[in-house]
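Here's a quick briefing to read alongside the structure. Have the sequence and the 3D view open, and take the topics in turn.

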Amino acid sequence: MQFNSIRFKASVLYSVILAVILTVFSSVIYFGARNILYHDLDEDLKIKAEEIAGILSAYEQIQHSEGYPLARILQMLSNKGISKNQSVVIDDLWKSEIKTLNLKNDYISVANTQGHALLVSNNFTQKINSLFRKQFPSFSREVSYKSLLNDKFKLRAIALPVSYHRSQLVIEVGTPLEPVLKILNKILVFIIASVIVVLVLTSFIGSIFARDALKPVLAVANLADNITHKDLTARIGEQQVDAEMKHLVHSFNGMIYRLEQSFNHISEFSSHVAHELKTPLAIIKGEIELVLEGDENPEEYKNVLEKCLEETDRTIRVIKDILLLARFDYKPDVFKFEKFKLIQFLEEIYEHSQVFASSKNIEVKLDAPKKNIFVNGDRVHLRRLFLNLITNAVKFTPRKGEIGISIRVKDSKAYVDISDTGEGVSSADLSKIFNKFFRVRKDEQTAEPGTGLGLSIALSIAKAHKGDIKVKSRLHEGTTFTVILPLA
Amino acid sequence: MKTILIVDDEKRIRSLYTQLFSKEGFRVIATSKATDANEILLREKVDIMLLDINMPGVDGSELHEVMNLFHKKVKVIVCSVYPLEDQKEIVEGAAGYYDKSQGLRELLKKVKAVLDKEPQAKEPGGADSPIMEG
Ligand SMILES: Nc1ncnc2c1ncn2[C@@H]1O[C@H](COP(=O)(O)OP(=O)(O)OP(=O)(O)O)[C@@H](O)[C@H]1O
Ligand SMILES: [Mg+2]
């Protein structure tokens, strides 16, 4: 796995997010447990302190029955200078309390309001005393709980004020924190260990997930590697991939589809071109072979050479037309647009077409409104467009026919109709006449047989002007081509 | 005298081949459409046919039907400007294939070869098996 891979970044991101969540979650658990344990401990301490207060009141009863003031008892207790049976009673009481309250490990002191310890347990040393004083510096009427910590002792302590015989006392009990800390430590270790395990697992699983999620990307890359112009049929399955990937895969498949289309188009076109160029060459070759075989007279040779010249011209015309079409398709800047008057422009074309229509005794008529219509276009190429249509009309109209050129304006578009009274096109062929190299009949009697590119060129020019060419035809009646050009 | 039927939509090709085969002593019939050829075959006794296949937009199955129709009566040489391999792919089982740019000498050779093989083809069981050319 590389460090700059999406897979690596994804799994790191997973892990970081999870680490944050787990940290928050385990802190809650840890401090929750700590609170509960401390609270339990504090409850215990309170019970103990209250029990001690109970013992003190038991002393008070002794005092009442025997007439000892508390100070005295306390003094006796501290000096162990009380009478034997009394001390035995107190001792027993104390010991049994210590046992039942489990006070053996606890530090107990009973102090007055000045913080002077009146009664302490045996383990209540000077050091412990100063520890207590640090945390409970002054007398308070409230019960308070504190943690007493230094490098040697870790205690939880309570200070419980009690009123005793008209004076105030504070019962302080400290109990070791170790058991609680031990449990908390164990919880902490457990949490850290499981967080580490979970993080390792998720980064591992995350990287597997990431790899799975990125599989379609690899599939796209692999497919792209294998795509050449020889085989563009390959596609990536769109069914099993995720929604986001579907988009990528879909776009990718769409791109290959478009490439496939244009490759098919090009290969079909070049096959057409090969056909159109090979036919004249085959004829030239055949004619030459034929004339070389025999012992022809000079007239015959001349005839063959004329045919060859014709075919050569035809070949040159096909190549010229193909180059023109290629330029229209791939170099839109061959068009030099300028604003000009359409009617005036069509009048020139009309005059020109009268000349070559007259050879077939065909009459050309112009029907144009007397107003200024401006068009933004390339005059040279638009001239080619209209002449192609008019040449067709002349070519496919018998002698003494009629050709009409008329202009209409509708919805800020100019509609130029070129109609003839010629042979027409059947509806089956009508859809194909704009196809490259398509000719309804290939044995026209005209001097120059067409290449079948004239209408393709005309349509390309119209499209380059954001216009169009429509056609209507009736067999044996005539054909009307309508050139649509947007007005300037 | 052998009769040859030329089916080609290019008039110039038709006239060239007509010239060639007339000189070689064939009776030549030429037509521009495969569908017309069917009619001619019903009327005339034809020995061999040159069939142009115009590949772009050609309906292969339609052509095949026509081929099958002709097959029993007449030897067919498929004839176009496309490479021989492409022609064989589009029309299977013709007696021969000819690329127009191969020249007239080659065409004559192929026609003669197909006609020479005719007697063998008339042997029992052999009538339906086409003679393939390389
Ligand atoms: N006015 C028309 N009347 C009847 N048929 C037409 C007319 N215009 C075009 N066609 C048919 O459409 C075919 C294609 O026309 P197109 O102009 O593209 O080719 P062409 O005129 O045969 O050759 P080129 O114009 O390249 O010399 C023509 O061969 C013809 O069959
Ligand atoms: Mg034309």
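In the second largest pocket, α10 of chain A does the most for the lining, chipping in nine residues. Keep in mind that this is a predicted model. After the pocket come the sheet of chain A, a hairpin in the same chain, and the sheet of chain B.

**The second largest pocket**

- The space inside comes to about 1000 Å³.
- A total of 41 residues line this pocket, and those nearest its centre are A:Asn388, A:Thr391, A:Asn392, A:Lys395 and A:Gly454.
- α10 (379-395) isn't on its own here: α8 (298-330), α9, α12 and β12 of chain A also supply at least two lining residues each.
- By character, the lining splits into 17 nonpolar, 13 polar and 11 charged residues.
- Where does the pocket sit relative to domain 2 and domain 3 of chain A? It lies between them, because domain 2 (243-330) and domain 3 (335-486) both give residues to the lining.

**The mixed sheet of chain A**

- Chain A has an open sheet of five strands, ordered β7-β9-β10-β12-β11, with mixed pairing.
- The edge positions go to β7 (363-367) and β11 (468-474) of chain A; each has a single partner strand, so one side of each has no neighbour in the sheet.
- Going from one strand to the next, the twist averages 15°.
- Inside this sheet, β9 (residues 402-410) and β10 (residues 413-420) of chain A run antiparallel and are joined by eight bridges.
- For a spot to click on, try A:Ile403, which stands opposite A:Asp420 in β10 of chain A.
- Helix α9 (residues 342-358) of chain A lies across β7, β9 and β10 of chain A, at about 170° to β7.
- Helix α12 (residues 454-464) of chain A packs on the sheet too, touching β11 and β12 (478-486) of chain A, and its direction makes about 140° with that of β11.
- Both of these helices turn up again in the pocket story, since α9 and α12 of chain A are among the elements that supply its lining.

**A hairpin in chain A**

- β1 (residues 107-112) and β2 (residues 117-120) of chain A pair antiparallel, over three bridges.
- A:Ala111 has A:Ala117 in β2 as its bridge partner.
- Four residues sit between the two strands of this hairpin, and A:Gly115 takes a positive phi near 85°.

**The parallel sheet of chain B**

- In chain B, five strands make an open sheet in the order β2-β1-β3-β4-β5, and here the pairing is parallel.
- β2 (27-31) and β5 (96-99) of chain B are the edge strands; each pairs with a single partner strand, so one side of each is left without a neighbour in the sheet.
- The strand-to-strand twist averages 20°.
- How many bridges join β1 (residues 3-7) of chain B to β3 (residues 48-52) of chain B? There are four, and the two strands run parallel.
- In that pair, B:Val7 has B:Leu51 of β3 as its bridge partner.
- Helix α1 (residues 11-23) of chain B packs on this sheet and touches β1, β2, β3, β4 (75-80) and β5 of chain B, with its direction making about 170° with that of β2.

Technical notes:
Residues are numbered from 1 along each chain as its sequence is written. Chains are lettered from A and ligands numbered from 1 in the order in which they are written. This is a predicted model: local features need pLDDT of at least 70, side-chain atom pairs count only at pLDDT 80 or more; totals for chains, interfaces and linings use all residues. Side-chain values use heavy atoms; hydrogens and water are left out. Two strands pair if DSSP finds at least two bridges between them. Axes are lines fitted to C-alpha atoms, for helices over the stretch in contact, and angles run from 0 to 180 degrees between N-to-C directions. Contact means heavy atoms within 4.5 Å. On a 1 Å grid over the protein atoms alone, a cavity is a set of points where a 1.4 Å probe fits but cannot get out, and a pocket is an open set with protein on both sides within 12 Å along at least five of seven lines; lining residues have an atom within 4 Å of a point. Grid points are joined across faces, edges and corners, and a volume is the space filled by probe spheres set on the points. Ala, Val, Leu, Ile, Met, Phe, Trp, Tyr, Cys and Pro count as nonpolar, Asp, Glu, Lys and Arg as charged, and the others, Gly among them, as polar. Domain bounds come from an automatic or database domain assignment.
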